[in-house]
Amino acid sequence: MSEETKEQLSDNDLLKKSLLYRQFQAEREEVLKHKWIESEKAGHDIGLEQATTDWILKHRSQWRKGQMMAARNEV
């Protein structure tokens, strides 16, 4: 394996372990769940953009508070 390939793998691992990336992934997962639920209610795919906007407006603030409380309890 070349040094460049090793460096790319190392950078990729670092990215995946970063707090910001993990928060992004967790938030993305919540949006996808919301998209599925709301699409089921609507009877059709509402689309990622609408689901994201709706989730941010209705749920993000409370979800983040829950995440912060969970993080504090881990310490």
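This report covers two helices, their packing and the largest pocket of a predicted model.

**Two helices**

Helix α2 runs over residues 19-42. At 1.5 Å a residue its 24 residues should span 34 Å, and the end C-alpha atoms are 34 Å apart, so the two values agree. Helix α3 covers 48-74. Here the end-to-end distance falls short of what a straight helix would reach. The table sets the two side by side.

| Helix | Residues in helix | Expected span | C-alpha end distance |
|---|---|---|---|
| α2 | 24 residues | 34 Å | 34 Å |
| α3 | 27 residues | 39 Å | 32 Å |

Where does α3 kink? The kink is centred on His59 and amounts to about 60°. As for α2, Gly43 follows it. The phi of Gly43 is positive, near 80°.

**Packing between α2 and α3**

Five names make up the buried set of α2: Glu27, Val31, His34, Lys35 and Ser39. These residues pack against α3. An α-helix has 3.6 residues a turn, so residues three or four places apart point the same way. In α3 the buried residues are Ala51, Asp54, Trp55 and Trp63. They pack against α2 in turn.

Glu27 deserves a separate look. It sits in helix α2. Is Glu27 buried or exposed? Its relative accessible area is 14%, under the 20% cut-off, so Glu27 counts as buried. Leaving aside residues up to four places away in sequence, Glu27 touches Trp55, Arg60, Trp63 and Arg64. Trp55 and Trp63 are themselves among the buried residues of α3.

**The largest pocket**

The largest pocket has a volume of about 360 Å³. Its lining counts 14 residues. Nearest the centre lie Leu19, Gln23, Trp63, Gln67 and Met68. Both α2 and α3 contribute, each with at least two lining residues. What is the lining made of, by nonpolar, polar and charged residues? It divides into 8 nonpolar, 2 polar and 4 charged.

Trp63 links the two topics: it is a buried residue of α3, a contact of Glu27 and one of the residues nearest the pocket centre.

Gln67 belongs to helix α3. With a relative accessible area of 38%, Gln67 is partly exposed, because that value lies between the 20% and 50% cut-offs. Gln67 and Gln23 are 44 residues apart along the chain. Their C-alpha atoms are separated by 9.2 Å. Both Gln67 and Gln23 are listed among the residues nearest the centre of the pocket.

Note on methods: Residues are numbered from 1 along each chain as its sequence is written. This is a predicted model: local features need pLDDT of at least 70, side-chain atom pairs count only at pLDDT 80 or more; totals for chains, interfaces and linings use all residues. Side-chain values use heavy atoms; hydrogens and water are left out. Helices (H or I, at least four residues) and strands (E, at least two) are DSSP runs, numbered from the N terminus. The expected span of a helix is 1.5 Å times one less than its number of residues. Buried means under 20% relative accessible area, exposed over 50%, partly exposed in between (1.4 Å probe, protein chains only). Contact means heavy atoms within 4.5 Å. On a 1 Å grid over the protein atoms alone, a cavity is a set of points where a 1.4 Å probe fits but cannot get out, and a pocket is an open set with protein on both sides within 12 Å along at least five of seven lines; lining residues have an atom within 4 Å of a point. Grid points are joined across faces, edges and corners, and a volume is the space filled by probe spheres set on the points. Ala, Val, Leu, Ile, Met, Phe, Trp, Tyr, Cys and Pro count as nonpolar, Asp, Glu, Lys and Arg as charged, and the others, Gly among them, as polar. The bend at a residue is the angle between axes fitted to the seven residues ending there and the seven starting there.
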